[in-house]
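Colleague: Could we go through this structure together? I would like to start with the cysteines.

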Amino acid sequence: AKIVIKEIIMIKNKKKREPKNPCTFVWILRSFFAVFGGLLVWQLYLFTAEDRAEPVSSSSSSNNNKVRKSKNTAVAAARKSKLADGCYHVLLDVGANIGVNARFLYEPHLYPKAHKVLALFDHEFGSSRDNRDLCVFAFEPNPAHRKRFENLTNAYTKMGWRYQHFMAGVSDIDGTMDFYHLHDEDKNEWGFSIFPRTDVKENITYEVEHVPVIRLAKWMWDEIWEREIPKKVYGDYSDVVKPGPKVLMKMDVEKMEYILVPDLFMSGALCNVVDLMYGEFHVWHSGLFPVNFPDNNLVLNNFPEGNQFYKSLNFIHQVARNCKTQLVWEDFEAYLYDGMPFPDPTETAW
């Protein structure tokens with residue numbers, strides 16, 4: 001304001017000294033800059049007024065803190081709960097068949113022949129882990145195993161162990177797909193998949209099941225990523241090389257990995273959520289081909305093409321320096337038939 005007044009006075013004094021016909025343009029220009037400068041100073045004054053305000057009283061500060069706390073509470077209340085909230089360690093059993101991998105984790109003393117996967121669990125989850133710190137989420141769409149999973153879930157619930165089975169397949173989209181029973185009941189239908197067998201000469205009719213499928217990448221973002229980690233843990237994890245909460249994934253999905261793994265990579269779900277993935281990539285003999293996913297523009301006619309695809313995925317993983325996930329492509333088929341009784345909390349001390 002002072003600058004504006006001073007500028008106006010200078011203009012008036014100069015006007016008295018100038019001839020009666022001054023340059024109108026120059027006068028207008030100087031007036032414009034005078035007014036503009038004054039407005040600029042006034043806006044600066046208003047902008048800095050808050051910084052020059054008097055210190056607030058303790059009661060006012062308390063009220064402001066209450067407002068901030070209420071906002072934080074509202075944000076926390078708006079957070080959608082996740083299935084993995086409260087889980088310190090998580091195992092995703094993708095393509096669970098009859099669920100033996102969960103039993104390897106929760107009841108390792110019953111399965112000494114599964115030494116490779118047991119060593120993996122000890123390395124990542126700790127050899128002195130406590131089952132109360134663990135959660136298993138299993139995906140198996142074969143309705144032939146529904147009763148088995150109901151019994152397993154009930155037994156583990158009674159033990160106080162968190163286990164959840166989804167009667168659904170996994171894919172890179174949500175929807176439904178046709179799965180085939182391949183007449184391999186003697187192997188607990190371990191080949192139940194969207195592909196009928198191509199390595200047999202007999203004319204066989206396969207029973208079809210319409211199966212719901214979920215996009216696994218999205219489910220992992222929604223239900224696992226940024227889960228609430230429990231403040232209290234029960235196990236001793238001092239022997240873990242890289243301590244902290246972990247997510248492991250077992251994958252055995254009968255060639256669905258050809259479209260599933262690329263989606264997990266490209267979505268970021270694998271590299272951000274999973275610390276280690278182990279399982280089977282179906283590329284080991286020519287009878288597994290062709291592998292065709294027309295909707296994904298993926299056609300692999302023979303073993304060399306499939307093997308090149310497999311090598312390319314592994315190469316991408318090797319050069320992705322920001323991907324934390326370890327890959328262990330090894331199939332652990334020990335205890336295919338299980339054969340062990342379910343735990344009983346009234347008979348066993350755990």
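Modeller: The disulfides come first, and then the core.
This is a predicted model, in which local features need pLDDT of at least 70, side-chain atom pairs count only at pLDDT 80 or more, and totals for chains, interfaces and linings use all residues. Residues are numbered from 1 along each chain as its sequence is written, and side-chain values use heavy atoms, with hydrogens and water left out.

Colleague: How many disulfides does a search of the whole structure find?

Modeller: The search finds 2 disulfides, a disulfide being a pair of cysteine sulfur atoms within 2.5 Å. They follow the pattern 1-2, 3-4, with bonded cysteines counted along the chain.

Colleague: How far apart are the sulfur atoms of Cys87 and Cys135?

Modeller: They are 2.0 Å apart, and the link is left-handed, with -85 degrees about the S-S bond.

Colleague: And are Cys271 and Cys323 buried or exposed?

Modeller: Both Cys271 and Cys323 are buried, that is, under 20% relative accessible area with a 1.4 Å probe, protein chains only. Their sulfur atoms are 2.1 Å apart.

Colleague: Turning to the largest nonpolar core, which residues touch the most other members?

Modeller: Of its 50 residues, those touching the most other members include Leu92, Phe137, Tyr258 and Leu264. A nonpolar core is a set of buried Ala, Val, Leu, Ile, Met, Phe, Trp, Tyr and Cys residues joined through side-chain atoms within 4.5 Å.

Colleague: What is Tyr258 in contact with?

Modeller: Leaving aside neighbours within four places in sequence, Tyr258 is in contact (heavy atoms within 4.5 Å) with residues including Phe281, His282, Phe289 and Phe309.
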